Amino acid sequence: MAKKKTFEDRVLIAHQGELDADLLYRTMADVVRKKNPDLAEIFEKVAKSEMGHARVCQKYTGRTDLKPSPVKAIAVKTVYKYVSKKLAFQLLVDGEYDAARDYMKDAYDHSDIAAVMQDEIKHGNTFKDCQKKYA
């Protein structure tokens, strides 16, 4: 039977995820900047928000050694450029809503995590709108 994740486990996973998301959205801003500066601005705004979330998580983890992994950035960039913009946006929507769900368990006891959870829902909604407008 799998060991139940503790708050510390969850916030460490979230911390890494926020760093990865910041890199993902900065990468996507670079991908679209020339052809669509308005969309690049949206990606940059969300990236900035994700870095703020990483700082919230860092308050709990105390970790300064974590580095973003480029895996998600490479994957979404590839899907966006070569497969389907609509699918790329759907991956972003799903990722944001999944993050919100993951924060839900700790939101009641930590108001700063509740605020992060709300931001993740907003990001998901933002990318749903982007999917309709830009895909």
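This note reviews the fold, surface and selected residues of a predicted model.

1. **Overall architecture.** The protein chain holds five helices and zero strands. Followed along the sequence, its pattern reads α-α-α-α-α. The description of the fold can therefore be given in terms of helices, since zero strands are present.

2. **Dimensions.** For 135 residues, a compact globule would be expected to have a radius of gyration near 14 Å; the value for the protein chain is 15 Å, which agrees with that expectation. The C-alpha trace extends over about 45 × 30 × 25 Å along its principal axes.

3. **Burial and contacts.** Of the 135 residues in the protein chain, 41% are buried. Where contacts join residues at least 6 apart in sequence, 77% of them link residues at least 24 apart. The exposed area of the protein chain comes to about 8,300 Å², and carbon and sulfur atoms supply 56% of that area.

4. **A nonpolar surface patch.** Tyr82, Val83, Leu87 and Leu91 make a nonpolar patch of about 430 Å² on the surface. Two helices contribute to this patch: helix 3 (71–83) and helix 4 (85–107) each supply at least two of its residues. Tyr82 belongs to helix 3. Its relative accessible area is 63%, so Tyr82 is classed as exposed, the cut-off for that class being over 50%.

5. **Asp106.** This residue is also worth inspecting in the model. Asp106 is located in helix 4, the helix given as 85–107 that also supplies residues to the nonpolar patch. Is Asp106 buried or exposed? Asp106 is buried, because its relative accessible area is 8% and the limit for burial is under 20%. When neighbours within four places in sequence are left aside, Asp106 is in contact with Phe7, Arg10 and Ile113.

6. **Cysteines.** Cys57 has a relative accessibility of 3% and therefore counts as buried. Cys130 likewise counts as buried, with a relative accessibility of 3%. How many disulfides does the model contain? The count comes to zero disulfides, where a pair of cysteine sulfur atoms would have to lie within 2.5 Å to qualify.

7. **Points to carry forward.** The predicted model has five helices and a radius of gyration that agrees with the value for a compact globule. On its surface, the nonpolar patch includes the exposed Tyr82, whereas Asp106 of helix 4 is buried. Cys57 and Cys130 are buried as well, and the disulfide count is zero.

Notes: Residues are numbered from 1 along each chain as its sequence is written. This is a predicted model: local features need pLDDT of at least 70, side-chain atom pairs count only at pLDDT 80 or more; totals for chains, interfaces and linings use all residues. Side-chain values use heavy atoms; hydrogens and water are left out. Patches are made of residues with over 30% relative accessible area and no salt bridge: like charges are joined within 9 Å, nonpolar side chains (Val, Leu, Ile, Met, Phe, Trp, Tyr) within 5 Å. Accessible areas come from the Shrake-Rupley method with a 1.4 Å probe; for residues, only the protein chains shown count as cover. A salt bridge is a side-chain nitrogen of Lys or Arg within 4 Å of a carboxyl oxygen of Asp or Glu. Helices (H or I, at least four residues) and strands (E, at least two) are DSSP runs, numbered from the N terminus. Buried means under 20% relative accessible area, exposed over 50%, partly exposed in between (1.4 Å probe, protein chains only). The radius of gyration is taken over C-alpha atoms; the globule rule is 2.2 Å times the number of residues to the power 0.38. Contact means heavy atoms within 4.5 Å.
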